[in-house]
Amino acid sequence: MATIVQYSRLGGPDVLEVVEVPVPSVTDGHVLVEVQAIGVNPIDSKLRSGFRASAPLDGPRGVGADASGVILEVGSGVDGWAAGDEVIIQRAPGAYASHLVVAPHNLVRKPSVWTWSQAAAVGIPVSTAYQALRSLGVTEGTRLLIHGGTGGVGQAAVQFAVAWGVRVFATASPANHERLIELGAVPLSYGDGLVERVREASPEGIDVVLDGAGTEEALQASFELVEDRSRIGTIVVGGRAAELGIRAWMGGSPVPLTDEEVRLRAEGVPAAIELAAQGKFDVEVSERFPLARAADAQRLSEEGHTRGKIVLIP
Ligand SMILES: NC(=O)c1ccc[n+]([C@@H]2O[C@H](COP(=O)([O-])OP(=O)(O)OC[C@H]3O[C@@H](n4cnc5c(N)ncnc54)[C@H](OP(=O)(O)O)[C@@H]3O)[C@@H](O)[C@H]2O)c1
């Protein structure tokens, strides 16, 4: 049997149901994967609660998008993949599951340098961080401020930027400053006096801001520090981007990603794998829960202070 997590009405983590179902059959053009680990992302809770709009529920709906696992069976018409291959799975609806039927374009070969948990944790945060930084034109020498530097997206963004020769300033609560230093960023506390602390840390100024926090404080500080609003991008409060004159990618934005942005997202995980092979990209997994405790994992994620990633194990 397979285990899946689903919900039939919007609400708190308690609406999640853990259900036993027959193992799905592989279909043409797809592979069947035995899942080893699943990445928990804030969007999973935002969709479940209705905070982010989605199509009306017309039956049970699966949860999640990111996972890792081993291919059990390959459907007809699939080239380049075989039973036993170890894979990273991205953009898979209903990824909170012990078995998944996935199209090849949702697979990346898992590098041996990452554990199953690390491989499951990269999809959404790594692709988002990479695309946002590239779309903001961050390059060597840029002075970059990241709001929310030690979450899933933040740690990925810090590491890409550091690898590209960017000078990175990032906010986190004091307990996480050491992690930012390890990753190569200058740590800053959010809260009162943020702008002054940034100015003191970077007297030459800030060129670009990536907002992974979405708070009023992060937005106002960004406006004080960077005059050109096209160099400020948010992944959290996309719904306000047009009114504020800043860039946004999803996060409630009514504007879908462009083809170029979709292409950049697809480049993120392979780029991280290349850096990981050189010892320049770490994936921090701070908490693991059994799949049956998906609701507890989401409760923790919703506290908004995840360091690195939360992962589920089937
Ligand atoms: N638009 C997109 O495509 C997209 C993709 C991925 C994620 N997102 C969104 O981006 C946000 C971050 O995602 P994530 O996966 O990195 O989340 P996460 O792993 O839950 O991390 C959240 C981070 O926010 C920090 N934080 C909490 N309060 C803060 C504050 N007042 N000021 C600054 N930082 C604060 C926390 O740091 P401390 O623990 O140190 O406080 C934590 O590291 C979420 O809202 C998520 O939904 C959007």
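**Briefing: sheets, a crossing helix and a ligand shell**

In strand 13, Thr234 is the bridge partner of Asp211. That pair belongs to a predicted model. Asp211 falls within strand 12 (residues 208–211), and strands 12 and 13 (residues 232–234) pair in the parallel sense over 3 bridges. The points below cover the sheets, a helix, the ligand and an annotated span.

**Parallel sheet**
- Strands 12 and 13 are part of an open sheet of 6 strands.
- The strand order is 11-10-9-12-13-14, with parallel pairing.
- Strand 11 (186–188) and strand 14 (247–248) are the edge strands. Each of these two pairs on one side only.

**Helix across the sheet**
- Helix 4 (residues 152–163) lies across three strands: strand 9 (143–147), strand 10 (167–171) and strand 12.
- Relative to strand 10, helix 4 runs at about 165°.
- Helix 4 also has a role in the ligand shell, described next.

**Ligand surroundings**
- The ligand has 27 residues around it. Lys46, Ser173, Tyr190, Trp249 and His305 come nearest.
- Two backbone contacts involve ligand nitrogen. A polar backbone atom of Ile235 is 2.9 Å from a nitrogen atom of the ligand. For Gly251, a backbone N or O atom lies 3.2 Å from a nitrogen atom of the ligand.
- A side chain meets ligand oxygen: an N or O atom in the side chain of Arg265 is 3.0 Å from an oxygen atom of the ligand.
- The ligand taken alone exposes 920 Å², and the protein buries 87% of that.
- Three elements each give two or more residues to the shell: helix 1 (42–49), helix 3 (123–135) and helix 4.

**Antiparallel sheet**
- A further open sheet has 3 strands in the order 2-1-4, and its pairing is antiparallel.
- Its edge strands are strand 2 (17–21) and strand 4 (61–62), each pairing on one side only.
- Strand 1 (residues 2–7) and strand 4 pair in the antiparallel sense over 2 bridges.
- Gln6 has Gly62, in strand 4, as its bridge partner.

**Annotated span**
- An unreviewed UniProt entry carries the annotation "domain: Enoyl reductase (ER)" for residues 11–312.
- In the model, the end C-alpha atoms of residues 11–312 lie 20 Å apart.
- The span is 31% helix and 23% strand.

Methods:
Residues are numbered from 1 along each chain as its sequence is written. This is a predicted model: local features need pLDDT of at least 70, side-chain atom pairs count only at pLDDT 80 or more; totals for chains, interfaces and linings use all residues. Side-chain values use heavy atoms; hydrogens and water are left out. UniProt positions are given in the numbering used here, feature names are shortened, and annotations may be inferred rather than shown by experiment. Helices (H or I, at least four residues) and strands (E, at least two) are DSSP runs, numbered from the N terminus. Two strands pair if DSSP finds at least two bridges between them. Contact means heavy atoms within 4.5 Å. Axes are lines fitted to C-alpha atoms, for helices over the stretch in contact, and angles run from 0 to 180 degrees between N-to-C directions. A residue is near a molecule or strand if one of its heavy atoms lies within 4 Å of it. A polar contact is a pair of N or O atoms within 3.5 Å; within protein, one must be able to donate a hydrogen and the other to accept it, and residues adjacent in sequence count only if both atoms are side-chain atoms. Accessible areas come from the Shrake-Rupley method with a 1.4 Å probe; for residues, only the protein chains shown count as cover.
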